[in-house]
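Biologist: Let us go through this one label by label. I will ask what each label rests on.

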Amino acid sequence: MKPEWWPGEEHEAFTEWAISNGIDINSVTPARFQGRGLGMMATRNIKKGEIVLQVPTQLMLRAEDIPSAFIDKLPEDIAVQALLAAYLTHAAPDELSKYDQWRNSWPSRKDFEDSMPILWPTVLGGPQLPNSKDDASTDSKQPSLLPPSISGLWNTLQPGPKTRKYSSDHQNILSQQAQRLRKAWTDVISVFPETNWETFSYNWLIVNTRSFYWIGEGQETPEDPNDAMGLVPFADYFNHADVARDVRFDESVYEFRATKDYEEGEEVFMNYGSHPNDTLLAEYGFFLDVNEADSIYLDDIVFRDIQTAEQQEELWLNQYHGNYQVTPHGPCYRTEVAACLSYMKEKDWRNHVLEGQSEGLDESRSEATIKRWIQTYAAEADATITALQKTMELDTTVQAHRSKAEMLLRRLKQIKELCDHAAKTVSV
């Protein structure tokens, strides 16, 4: 009789393949955890710092593992993620056969459709994608049901103007993700016009969700971090948690160490990076109940108060333009600096930021401003929760996707709680 944690025949077969091909599993095994699905389980007590997994890099799937004859067919500027997905879609079967046991262990396309907003119907905020089944145009009167950091949209306010662009990796996540996928699709069908959309987009999401950071020896760090990636067999069983990170690699081996003590039978986690829950939801299809890296961004709200070109130029020149982050512990320093500019004379603000002078500074006014900004975000979360609950009652399309809607509802309530808690940290 199989134990409750038994992962299934395909995963047992892949584990045997991994061991026979030199992967040093060293005290972990794939397992099923009730309510959480597949993960990595400790097969004995593990001490912090112990190596739990070593994978020979020759078993990885990286850009350098793809034959040059295949790469040369594709556009020169194709992203690494698109290249890997194209190879998984169009490489000769005999070339891909060495990955068969590994690929059998991967999640299904339906798993992605259930969990990832990029494949959700437009009524829940999913984007329009090439050849997608959901071809209905989005109703401009329909409320946005995804969090603003994911969708870039608001129900309760008109965002303030931004006079300058800036890096916003954790904002407008879905549109950036969809843009990468559309570009990948365009690049691939320019060479392989018969490409099946569902197959390619599935492989693109496999690469998106199961890759690890990789830069080969002598390679420079790419400008786009999405180009520093490779697939690591067996390591993709690790689920993410808000734990320390201890991953090392060189030309011969990719190595994972325990970042805490684990008892036999306990799930062993790795950290995918310091990501807010909105990023985890959009990019990986899950989010954490407790996440020290969780945050919201007040940029659209702040720029309603700080909207003149002169004020935003001051922020830009002093490297405080945008990315106003609020965590459960309160607002970041950038947000405090922006709050001062909302009422101070620009000269006084500059002297305060650069030299620490206090002329014109009113801390109680700054605190009131920040609290108002956070409460505006909380009001947005409340309004979206109400809209989603109403839609769940009345819209038959949403009712057919109830698990997705419930997942979204949990995230929106979590955002409201974050706002409420952060607002209490701001004293007035």
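Biologist: What is the bridge partner of Val247 in β8?

Modeller: Phe256 is the bridge partner of Val247. Bear in mind that this is a predicted model.

Biologist: What makes β7 and β8 a strand pair?

Modeller: Pairing needs at least two bridges between the strands. Three bridges join β7 to β8, residues 253-257. The two therefore pair, and they run antiparallel.

Biologist: Where does that pair sit in its sheet?

Modeller: The sheet is open, has three strands and follows the order β3-β8-β7. Its pairing is antiparallel. From one strand to the next, the twist averages 15°.

Biologist: Why are β3 and β7 called edge strands?

Modeller: β3 (51-56) and β7 (247-249) each have a single partner strand, so one side of each lacks a neighbour in the sheet.

Biologist: How do you know that β2 pairs with β9?

Modeller: The cut-off is at least two bridges. Two bridges join β2 to β9, residues 267-270, so the pair qualifies. The strands run antiparallel. In β9, Glu267 is the bridge partner of Met41.

Biologist: And what joins β1 to β2?

Modeller: Six bridges, with the strands antiparallel. β2 covers residues 37-42. Arg32 stands opposite Leu38 in β2. The hairpin of β1 and β2 has three residues between the strands, and Gly35 takes a positive phi near 80° there.

Biologist: Which residue in the loop between α1 (9-20) and β1 (28-33) has a positive phi although it is not a glycine?

Modeller: Asn26, with a phi of about 50°. Asn26 lies in that loop.

Biologist: Why is Asn26 called partly exposed?

Modeller: Buried means under 20% relative accessible area, and exposed means over 50%. Asn26 has 29%, which is in between, so the label is partly exposed.

Biologist: What makes Ser27 buried?

Modeller: Ser27 has 9% relative accessibility, which is under 20%, so Ser27 counts as buried. Ser27 also lies in the loop between α1 and β1. Leaving aside neighbours within four places in sequence, the residues in contact with Ser27 include Met41, Arg44 and Val52.

Biologist: How do you know that Asn323 is partly exposed?

Modeller: Its relative accessible area is 24%, between the 20% and 50% limits, so Asn323 is partly exposed. Asn323 lies in the loop between α12 (309-317) and β11 (325-327). Asn323 has a positive phi of about 60° although it is not a glycine.

Terms used
Residues numbered from 1 in each chain as written. Predicted model: local features only at pLDDT ≥ 70, side-chain atom pairs only at ≥ 80, totals over all residues. Heavy atoms only, no water. Helix = DSSP H or I, 4+ residues; strand = E, 2+ residues; numbered from the N terminus. Axes fitted to C-alpha atoms, helices over the stretch in contact; angles between N-to-C directions. Buried < 20%, exposed > 50% of the residue type's maximum accessible area, 1.4 Å probe, protein only. Contact = heavy atoms within 4.5 Å.
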